[in-house]
Amino acid sequence: MDRTACHALLANRNVRLYLGGQLISLSGTWMQSVAQGWLVYQLTGSAFWLALTAIALTAPVSLLSLVGGALADRYDRRRLLITTQLLSLIPALLLGFLTRSGHVTPGLIVALALLLGVINAFDLPARQVFWGRLVPAELLLGALSLNAVVFNATRVVGPVLAGAIIAAWGTASCFYLNAASFLIGSASLLAMGPQSDSLPHHSARPSTSLLAELQEGLRFVAAEKESSLLLLLIAVISLFGIPFVPLLPLFADGILHVGPQGLGMLAASSGIGALAAALLLTLQREPRCKGRLVVASGLLFGICLLLFARSNQYYASLLALLFSGVGIVSLLALANCLLQHRCPMPLRGRVMGLYTLTLAGMAPFGHALMGLLAGTVGAAAALSLGSTICLAAVLLTARPISRLA
């Protein structure tokens with residue numbers, strides 16, 4: 001996408017409203033994530049409770065994202081997103097009230113994280129496919145790239161704000177502000193009006209059962225070899241590559257010996273690379289050979305992750321993480337665009353449900369698997385193995401994927 005197309009996207013009122021709502025809502029989400037982790041650690045001092053809270057938040061996506069995708073095909077997606085945003089208010093407000101009143105416990109935090117995870121299972125597929133309603137097909141990659149810019153910007157802004165707010169007003173304030181951000185996100189969707197659907201809406205037949213719709217989506221993907229391979233590649237990378245983030249403290253302390261400040265820089269380096277890739281995709285003319293770029297991005301991610309795993313030099317590690325961030329965001333944005341282009345609009349919700357399952361739904365299994373490996377053979381060996389598996393998956397799927405336009 002070139003600058004003219006970028007300007008055309010930003011000139012669209014609905015796009016501006018959606019991106020603005022996302023910017024505020026996601027910033028609140030990252031604030032709550034940091035504050036929640038800090039609260040759990042204050043209450044327990046336990047890595048087990050931190051892991052259990054993370055699993056509670058992500059496990060429902062593994063179980064329910066396919067159903068969420070089917071509902072995104074059956075019902076109006078804008079209304080579905082408004083509903084999930086308003087429902088997300090509940091755990092944020094409860095967490096804020098319980099924390100402020102002094103009645104919060106680790107078990108209650110896990111229960112509220114589980115509730116938010118269930119809501120996310122219906123929110124994420126609808127959010128992925130909603131862009132296909134806002135913009136024409138030729139601007140989809142640019143829209144997804146703009147969305148990635150917003151997402152990665154909030155990865156930086158949200159945690160910084162959370163640290164300042166916790167220091168100034170306490171942990172509960174982050175939860176209340178996140179609840180307010182959901183209200184703003186809902187308001188941005190309401191302000192769009194029904195004209196936000198730029199394409200005709202395809203309603204599911206009332207006589208069709210939800211199970212039949214799920215089976216229809218699975219049959220479509222199974223018949224589409226290239227789509228199946230894209231989803232398989234994302235699943236492998238989600239299991240063995242993306243879970244490097246929880247291992248960063250082990251590298252910062254045990255291998256690089258850079259302490260908490262160095263840990264922050266390692267995490268920021270990957271985020272800066274991801275943000276740079278998203279900006280680059282937004283400002284460039286839309287590529288014709290997206291499949292080749294998916295393969296190249298996968299190779300870049302896998303190689304840089306392997307170099308990071310084997311590095312004992314701090315600045316080399318920063319550079320490796322920077323380019324791994326470039327690789328993973330480029331791969332995911334391009335793969336998302338290809339998947340949406342390759343399926344008819346009535347099936348996009350279900351296909352994006354599968355995409356959400358392979359990406360976010362694999363998170364609890366990937367974290368558990370890589371954590372187990374790190375505890376058994378060490379962080380460096382575990383990540384070396386994981387990155388090698390990612391590289392093998394890219395090479396094995398390279399030929400058919402590289403043919404995609």
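**Reading a helix, a side chain and a cavity**

Author: In this predicted model, the backbone oxygen of Gly96 lies 3.4 Å from a polar atom of the side chain of Tyr176.

Reader: Which residues does Tyr176 touch, not counting those up to four places away in sequence?

Author: Tyr176, part of helix H7 (residues 171-192), touches Leu93, Gly96, Phe97 and Arg100.

Reader: Is Tyr176 buried, partly exposed or exposed?

Author: Buried means under 20% relative accessible area and exposed means over 50%. Tyr176 has 31% relative accessibility, so it counts as partly exposed.

Reader: How should one read the two sides of a helix, and which residues of H8 are buried?

Author: An α-helix has 3.6 residues a turn, so residues three or four places apart point the same way. In H8 (residues 210-223), the buried residues are Glu213, Leu214, Gly217, Phe220 and Val221. These lie on the same side of H8 because they cover an arc of only 125° around the axis. Leu211, Arg219, Ala222 and Ala223, on the other side of H8, are exposed.

Reader: How does one find empty space inside a structure, and how many cavities of 30 Å³ or more are there?

Author: Rolling a probe the size of a water molecule over the atoms shows where empty space is left. Here there are two cavities of 30 Å³ or more, and the largest holds about 50 Å³ of space.

Reader: Which residues line the largest cavity?

Author: Its lining consists of Leu66, Leu214, Gly217, Leu218, Arg350 and Leu354. H8 gives the most, with three residues, while H8 and helix H14 (348-359) each supply at least two. Leu214 and Gly217 thus appear twice: among the buried residues of H8 and in this lining.

Technical notes:
Residues are numbered from 1 along each chain as its sequence is written. This is a predicted model: local features need pLDDT of at least 70, side-chain atom pairs count only at pLDDT 80 or more; totals for chains, interfaces and linings use all residues. Side-chain values use heavy atoms; hydrogens and water are left out. Helices (H or I, at least four residues) and strands (E, at least two) are DSSP runs, numbered from the N terminus. The expected span of a helix is 1.5 Å times one less than its number of residues. Buried means under 20% relative accessible area, exposed over 50%, partly exposed in between (1.4 Å probe, protein chains only). The arc is that of the directions from the helix axis to the C-beta atoms. Contact means heavy atoms within 4.5 Å. A polar contact is a pair of N or O atoms within 3.5 Å; within protein, one must be able to donate a hydrogen and the other to accept it, and residues adjacent in sequence count only if both atoms are side-chain atoms. On a 1 Å grid over the protein atoms alone, a cavity is a set of points where a 1.4 Å probe fits but cannot get out, and a pocket is an open set with protein on both sides within 12 Å along at least five of seven lines; lining residues have an atom within 4 Å of a point. Grid points are joined across faces, edges and corners, and a volume is the space filled by probe spheres set on the points.
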